[in-house]
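Okay, thanks for coming, everyone. I've got one structure to walk you through today, so let's get it up on the screen.

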Amino acid sequence: MMAFIPSSFPESCPVLNELINENRKNKQVGAKFKKETDYYIFICIKSMLKNLKIEKSVYIRYTWVEENKKRDKDNIASAKKYVQDALVQAGVLKNDGWNNIVGFEDRFEIDKEKPGVLVEIVEVE
């Protein structure tokens, strides 16, 4: 199963440093930032994966597509938290704990025209 979450943000999916900066303004601003980001990703997942429900454990491959090389890879990959929370919220996964997600990998590409993240979900036994 695959889903592509296109960027509607200034650069690509918001990352940890951006959430930290919003939280420094005040707790409510940070909470609103995370909620809005989660909701956008939830909508993308629902539109691509419809009512898919996965019962087995999964391995997730992320391909992070950035406009440029400005942001550090570890900061970019921190956005998987948003994606995994949205997969649970959308009902695709039961949970995002150890029994549900056995692992993940991150790949990185540059595409100025189509930034976003490709999420590949592989069921495992």
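Let me start with a question: is Trp64 buried or exposed? Trp64 is buried, because its relative accessible area is 1%, and anything under 20% counts as buried. Just so nobody's misled, this is a predicted model.

Now, who sits with that tryptophan? There are two aromatic pairs in the structure, and one of them is Tyr62 with Trp64. For any pair like this you want two things, the distance of the centres and the angle of the planes. Here the ring centres of Tyr62 and Trp64 are 5.2 Å apart, with 10° between the planes. That pair counts as stacked, because the cut-off is planes under 30 degrees apart. And Tyr62 is buried too, with a relative accessible area of 0%.

Tyr62 also brings us to strand β3, residues 101-110, where you'll find Glu105. Leaving out residues up to four places away in sequence, Glu105 touches Tyr59, Ile60, Arg61 and Tyr62. So how covered is Glu105 itself? It's partly exposed, because 24% relative accessibility falls between the 20% and 50% cut-offs. Its side chain makes a polar contact of 3.1 Å with the side chain of Tyr59, and there's another, at 3.2 Å, to the side chain of Arg107. If you're looking for Glu120, that one is 15 residues from Glu105 along the chain, and the two C-alpha atoms are 10.0 Å apart.

Okay, over to the helices. Find α1, residues 16-25, and α2, residues 27-49. They pack at an angle of about 145°, their axes are 5 Å apart, and the crossing is right-handed. On the α1 side, the contact comes from Glu18, Leu19, Glu22, Asn23 and Lys25. On the α2 side, Lys27, Val29, Gly30, Ala31, Phe33 and Lys34 do the job. What kinds of residues make up that contact between α1 and α2? Five are charged, four are nonpolar and two are polar.

Last stop is α4, residues 80-89. This helix is mostly covered, with seven of its 10 residues buried. The buried ones are Lys80, Tyr82, Val83, Gln84, Asp85, Ala86 and Leu87, so if you had Lys80 or Asp85 down as surface residues, they count as buried here, because their relative accessible area is under 20%. After α4 comes Gly91, and its phi is positive, near 85°.

That's my tour, and I'm happy to go back to any view.

Notes:
Residues numbered from 1 in each chain as written. Predicted model: local features only at pLDDT ≥ 70, side-chain atom pairs only at ≥ 80, totals over all residues. Heavy atoms only, no water. Axes fitted to C-alpha atoms, helices over the stretch in contact; angles between N-to-C directions. Helix = DSSP H or I, 4+ residues; strand = E, 2+ residues; numbered from the N terminus. Left-handed = near helix turned anticlockwise from the far one by under 90°. Contact = heavy atoms within 4.5 Å. Nonpolar A, V, L, I, M, F, W, Y, C, P; charged D, E, K, R; others polar. Phe/Tyr/Trp six-rings, centres within 6.5 Å; stacked < 30°, edge-to-face > 60°. Buried < 20%, exposed > 50% of the residue type's maximum accessible area, 1.4 Å probe, protein only. Polar contact = N/O pair within 3.5 Å; in protein donor to acceptor, adjacent residues only side chain to side chain.
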